[in-house]
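Subject: Structure handover

Hello,

Here is the structure I said I would pass on. Please look it over first; my notes on what was found in it follow below.

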Amino acid sequence: MAKFTISGSSISQGKTMMLMVLLVFFAFVFVYCMPTLNNNGSLLSFNSSGISSSVQHLLLRQVKELNEKLIVPLEERVAALEDRQKKHPKVKYLAEKDRKRILITGGAGFVGCHLVNALMLEGHEVTVVDNFFTGRKSNVEQWIGHDNFELINHDVVEPLYIEVDQIYHLASPASPPHYMYNPIKTIKTNTIGTLNMLGLAKRVRATLLLASTSEVYGDPEVHPQPETYWGHVNPIGPRACYDEGKRVAETMCYAYQKQEKVNIRVARIFNTYGPRMHMNDGRVVSNFILQALQGQPLTIYGTGSQTRSFQYVTDLVDGLIRLMNSNVSLPVNLGNPDERSIFEFAERIIKLTGSNSEIINQPAVQDDPQKRKPVITRAMDNFGWMPVVPLEEGLIKTVEYFRDELKKSKTSNKKDSPDL
Ligand SMILES: NC(=O)c1ccc[n+]([C@@H]2O[C@H](COP(=O)([O-])OP(=O)(O)OC[C@H]3O[C@@H](n4cnc5c(N)ncnc54)[C@H](O)[C@@H]3O)[C@@H](O)[C@H]2O)c1
């Protein structure tokens, strides 16, 4: 028999029909038979129907049962839901003059949700705009219903009209499998999307911070990379939709600054990792951790001598907020200069997870940068920023997160399919 579910309990359609009939009957009796009350206020008899007291008792018992089985559990469930909505993390109180209205595009993604947390806890009003291509509502669910928070399902390729003081423009797929999935959309997001956000910043006189990337340096011929380096990007390679998309997004920011006097900030973000990364992110940190936790071989593309510098996500968020509130409009590298070879990184993950996985080499991928290490003196000198979370500490938290996620997905796979 077809079933539907209320608050986790299943009720067959047959039973429901019976309950409905009873309810209608009871309502009829109540309206037309007008019960009289005795001195104590209890139901005594029906004045015109002639319905016997045994029928009356039966009806009352049915209603009581209905109440106990259905209404009370439902009321309890609703109360629990309302209560849960009220339980947001405690935020600082900011006076009107200090409280900013902040837009975060891509705020339901990995970096975005950590930024949302930091700005909400500081007491600002935060609006997240996301099309949920790679972002998830669950990343920001703890704030849903909070007076200072708003979540808008919107694609930045379409114009947006809201009133804000600051815009953190993060909307863009960030990992190679995601940005290569639909290269044309990646280009549109980074070009039309950025134009739309700059147009908004111009209209409402907001400061816009662009989440750019170390990929603007391409496969660098200068090492380590200072912001003054112009980069070495293949404009027609598989990564170009993202690399060139971000390069033109930077160009747009400076055009709007020059021509329209828009206040802009440009963060060139280096590899970032931490909890809430995507399981299928496809980048080296998540790949290695998941492979190690599942006892699969760790795959290195190329020799493994290529290097990366990994920064923990809270360091990045701290840098983004400081940059936004600084007066630096030149591009600024935000990354951890602690450089490791990919091979060394793989060995470290195996040790940290206690895995028996082996390391295997696959052919190198096209245009994979061979070296990555930021020069961060601009951020240090201008707004006193430097990363503080050591690799080991950040990795332990990230491994824990992936362990939990794996556990959750195993449990949900085991569950019976829900009633429809
Ligand atoms: N994570 C890193 O290592 C890293 C490195 C360099 C730069 N960045 C930049 O930081 C930003 C955030 O990266 P992330 O790692 O959090 O990636 P992510 O994929 O987790 O987050 C990106 C968010 O943008 C949203 N989005 C994508 N296209 C959109 C569109 N057209 N309209 C509205 N929303 C859209 C996605 O749904 C997602 O929530 C990106 O701009 C990325 O280029 C990240």
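**What was found**

α7 is followed by G295, whose phi is positive, near 70 degrees. Please keep in mind throughout that this is a predicted model.

The helix before that glycine, α7, spans residues 284–293 and is mostly covered, with eight of its ten residues buried. Those buried residues are V284, V285, S286, F288, I289, L290, Q291 and A292.

**The chain as a whole**

The protein chain contains eleven helices and 17 strands. It has 420 residues, and buried ones make up 33% of them. If we take the contacts between residues at least 6 apart in sequence, 78% join residues at least 24 apart.

**Helix α3**

Most of these notes concern α3 and its surroundings. The helix has twelve residues, and from its first C-alpha to its last it reaches 17 Å, close to the 16 Å expected at 1.5 Å a residue. Nine of the twelve are buried, so α3 is largely enclosed by the rest of the structure. The buried set consists of F110, V111, G112, C113, H114, L115, V116, L119 and M120.

What covers these buried residues? The cover includes the strands β5 (101–105), β6 (125–130), β7 (149–153), β8 (166–169) and β11 (272–273), along with the helix α8 (313–324). Like α7, α3 is followed by a glycine with a positive phi. Here the residue is G123, and its phi is near 100 degrees.

**Strand β5 and its partners**

β5, one of the strands covering α3, is itself largely enclosed by the rest of the structure, because four of its five residues are buried. From β5 the chain crosses through α3 to β6, and this β-α-β crossover is right-handed.

β5 and β6 pair in the parallel sense over five bridges. One position to look at is R101, whose bridge partner in β6 is E125. β5 also pairs with β8, again in the parallel sense, over four bridges. In that pairing, T105 stands opposite H169 in β8.

**Around the ligand**

How many residues surround the ligand? There are 29, and the closest are G106, G109, T134, G135 and A174. The elements that give two or more residues to this shell are α3 (110–121), α5 (183–204) and β9 (207–213). The largest share, three residues, comes from α3. The helix described above as largely enclosed therefore also appears in the shell around the ligand.

By type, the residues of the shell divide into 13 nonpolar, 14 polar and two charged.

**A loop position**

The last item is V388, which is found in the loop between α10 (377–383) and α11 (391–414). Is V388 buried or exposed? The count of other C-beta atoms within 10 Å of V388 is 11, and a residue with 12 or fewer counts as exposed, so V388 is exposed. The C-alpha atom of V388 is separated by 8.8 Å from that of N336, and the two residues are 52 apart along the chain.

Regards

Methods: Residues numbered from 1 in each chain as written. Predicted model: local features only at pLDDT ≥ 70, side-chain atom pairs only at ≥ 80, totals over all residues. Near = placed C-beta within 6 Å. Nonpolar A, V, L, I, M, F, W, Y, C, P; charged D, E, K, R; others polar. Buried ≥ 20, exposed ≤ 12 C-beta atoms within 10 Å, placed from the backbone. Expected span 1.5 Å × (residues − 1). Contact = placed C-beta atoms within 7 Å. Pairing = 2+ DSSP bridges. Right-handed = clockwise from strand over helix to strand, strands pointing away.
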